[in-house]
Protein chains: 2
Amino acid sequence: MSDDAAGSPRGTTISPGRPAMLSGCRPTMKDVAARAGVGLKTVSRVVNGEAGVTADTADRVRAAIEALGFRRNDSARLLRKGQTASIGLVLEDIGNPFYSALARAVEDVAHAHGSLLFMGSSDEDPDRERTLTLAFCARRVDGLVIVPAGKNHTYLLPETTAGIAVVFIDRPAGLIEADSVLTDNIGGARDGVTHLARQGHHRSGYIGDALHIYTAGQRLHGYRDAMAAAGLRTEPDWVIMATPHPDTIGQALTRMLDRPEPVTGLLCGNNRISIIVLRELAARGARVATVGFDDFELAELLTPGITVIAQDPARMGQIAAELLFRRLCGEQGPAQRIELATRLVVRGSGEIPPP
Amino acid sequence: MSDDAAGSPRGTTISPGRPAMLSGCRPTMKDVAARAGVGLKTVSRVVNGEAGVTADTADRVRAAIEALGFRRNDSARLLRKGQTASIGLVLEDIGNPFYSALARAVEDVAHAHGSLLFMGSSDEDPDRERTLTLAFCARRVDGLVIVPAGKNHTYLLPETTAGIAVVFIDRPAGLIEADSVLTDNIGGARDGVTHLARQGHHRSGYIGDALHIYTAGQRLHGYRDAMAAAGLRTEPDWVIMATPHPDTIGQALTRMLDRPEPVTGLLCGNNRISIIVLRELAARGARVATVGFDDFELAELLTPGITVIAQDPARMGQIAAELLFRRLCGEQGPAQRIELATRLVVRGSGEIPPP
DNA sequence: CTGAAAGCGCTTACAG
DNA sequence: CTGAAAGCGCTTACAG
């Protein structure tokens, strides 16, 4: 045997003359302890800034930490402590500005509580929502904020029983009791349609997202309510509920506009739909009164400016995340359902009079 | 002592007549093993779908899993396996559509590789970038995609030595060798300014973000290059570099426009700046040729449409994430620097002629 | 086919 | 002031 540590059965001991750190394997507290010539617990004390270590010992430990490039493994730490200081955020699509504003607010609250954020997009797919959510749970996140795609959340029962806090946002939970932070979708849609009626529109249409999406259905209710309340009839062709796509929406617009008594007012079901409708209308040179659900950047710079029913995604995210952390801090009580009001923002497109 | 298990020294054994699961503490494989009357390893085999378990035994284990609501703790699993199947994404602000598009692409690649995504916003603060990044490293993410705020990344050296893969995106790493995926900022800005010059603009200004931001500085270079190449002089007042804010930008516009020989063309340094500039110009009723760096939704619906130097944030995110996973799969070789071309999109605002 | 022991990298509870 | 032992919930390596 040579005079270095080649005979050592396990390679964890640092022998002089050898590189202090091998690429690909990290030094642990054990390595630090060995190098500093102290016990494991003493290293732990220094790393965590606990009292009861001589200045001299602490210096030796710190020198070893520095020399080895040691950094504590928080995953191991948190496993032992039984918490994870992280939460999971499941939403429809982080690429959609509505959800990215919401996500930013959730992140800020998590950060304020010293929590890290897992994030994933479900793409409106209940299976992907479930897979993502359970993957986060398997990592033992402390809590979850979920924009649900599915309608059945009983799969979460073992998790909530085990103490994982869950707050649903934008849409309610399905078949389980849980906190939720929602927008007043019915009231918002009603305000938009009533606004059109007050401008003299007797024939207003609604272009909504796929009917299986909670918010799309609620807004359809609001549309129907408001038309009925204004004493206006509706026709099947005035409504379309479908995943937003230029073709589908273009065809729907043709049905609404190319007829003896065309629709003169439109409620767009969300930010994505508004943008497609505006493009389609511009392409046709059609001048139709338009109110969009969801505000968006530059809405006021278009000609005319776009009148919208504004939600506040950042506020929703903040309220949901704060509720989540209150639950994590032990707040008891039955599931809450918080519903935020919308705001009609008048900019011109909704005030175009009927021909 | 009563006839239930009160005398048991540790409460992990399930005794008949007791609730199978106490709220707040999760069943573990040990609990499942005890209930099914098998060893720990057998439970592990069933949970992981390994061969070598009788159908009968497996059924008993599955029944116990179901009854207890057991779900494997992946954090513990991954600690033992020495990987985490997660990556970290640090960017400037997930609420900014540019970064949310980028994030979505990174998420999709991570998902395709079975990896979960930690995400955090640095808000252009080098300290927050560092804190977030190291927090992700402390959780032992397999890799990182970073939009850096700071200029010194030597703090990552212990991590990269230990095998964490890092890809920088949008801006290069500072003082360390690392892969990076960038946009050709100089070329893009040059194209924008050259375009204005070709429309006959002899006096073009540049409204950029704070100079300490890499991309802002590069685009300033491009502006100067192109002006010089076109044989045009520049004046200090034609350039402003500052964190985008309506007041600052408004004052800068006043200096550029309210003078004997006003600026007639403008290059806006990024999507945020374009939006503020468009609002300010609209408020003044000023008709100035404008080219924006970064594309944005509805740019084509404004009157006139906004001519832009488009980047492709989703493509950047995808390329960066794919490079990261290639590194994680063992791809060797020196640090790569990938630079993506920009695309001039002509829509009208950049083709306004000089007065 | 099955399971007891050791270990991943930390912390907790306790004894010197 | 200091450290050996046990444990967090899993997997690995090995022996029956």
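Trainee: By what turn and what shift along the axis can chain A be laid on chain B?

Mentor: Bear in mind that this is a predicted model. A turn of 180° with a shift of 0.0 Å along the axis lays chain A on chain B, with an RMSD of 0.0 Å. That is the relation of a two-fold axis.

Trainee: Which C-alpha of chain A is nearest the axis?

Mentor: That of A:F118, which is 2.2 Å from the axis.

Trainee: How many residues does each chain bring to the contact?

Mentor: Chain A gives 46 residues, and chain B gives 46 residues. On chain A, the elements that each supply at least two residues to the side touching chain B include α4, α5 (97–112), β2 (116–121) and α6 (126–138). Two others among them are α7 (157–161) and α11. By residue type, this side of chain A has 22 nonpolar, 13 polar and 11 charged residues.

Trainee: Why can one say that the copies meet through the same surface?

Mentor: Because 100% of the interface residues of chain A are also interface residues in chain B.

Trainee: Now the sheet. What is the order of the strands in the open sheet of chain A?

Mentor: First the general idea: strands of a sheet pair through backbone hydrogen bonds, and the pairing is either parallel or antiparallel. Here the open sheet has 6 strands, in the order β7-β6-β8-β9-β10-β12, and its pairing is mixed. The edge strands are β7 (239–241) and β12 (343–345) of chain A, since each of them pairs on one side only. On average, neighbouring strands of this sheet are turned by 15° against each other, direction ignored.

Trainee: How many bridges join β6(A) to β7(A)?

Mentor: There are 3 bridges between β6 (residues 204–208) and β7 of chain A, and these two strands run parallel. Across this pair, A:Y206 stands opposite A:V239.

Trainee: Which strands does helix α9 of chain A lie across?

Mentor: Helix α9 (residues 214–229) lies across β6, β7, β8 (265–268) and β9 (289–293) of chain A, and runs at about 175° to β6(A). Helix α11 (residues 271–284) of chain A lies across β6, β8 and β9, at about 140° to β8(A).

Trainee: Last, the DNA. Which residues come nearest to DNA strand D?

Mentor: Of the 25 residues around strand D, the nearest are A:G39, A:K41, A:T42, A:R80 and B:N73. Helices α2 (40–47) and α4 (74–81), in both chain A and chain B, each supply at least two residues of the surface near strand D. The most come from α4(B), with 5 residues. This surface divides into 9 nonpolar, 9 polar and 7 charged residues.

Definitions and conventions:
Residues are numbered from 1 along each chain as its sequence is written. Chains are lettered from A and ligands numbered from 1 in the order in which they are written. This is a predicted model: local features need pLDDT of at least 70, side-chain atom pairs count only at pLDDT 80 or more; totals for chains, interfaces and linings use all residues. A residue is near a molecule or strand if its C-beta atom, placed from the backbone, lies within 6 Å of it. Helices (H or I, at least four residues) and strands (E, at least two) are DSSP runs, numbered from the N terminus. Ala, Val, Leu, Ile, Met, Phe, Trp, Tyr, Cys and Pro count as nonpolar, Asp, Glu, Lys and Arg as charged, and the others, Gly among them, as polar. Two strands pair if DSSP finds at least two bridges between them. Axes are lines fitted to C-alpha atoms, for helices over the stretch in contact, and angles run from 0 to 180 degrees between N-to-C directions. Two residues are in contact if their C-beta atoms, placed from the backbone, lie within 7 Å. Copies are superposed by least squares on the C-alpha atoms of residues with pLDDT of at least 70 in both.
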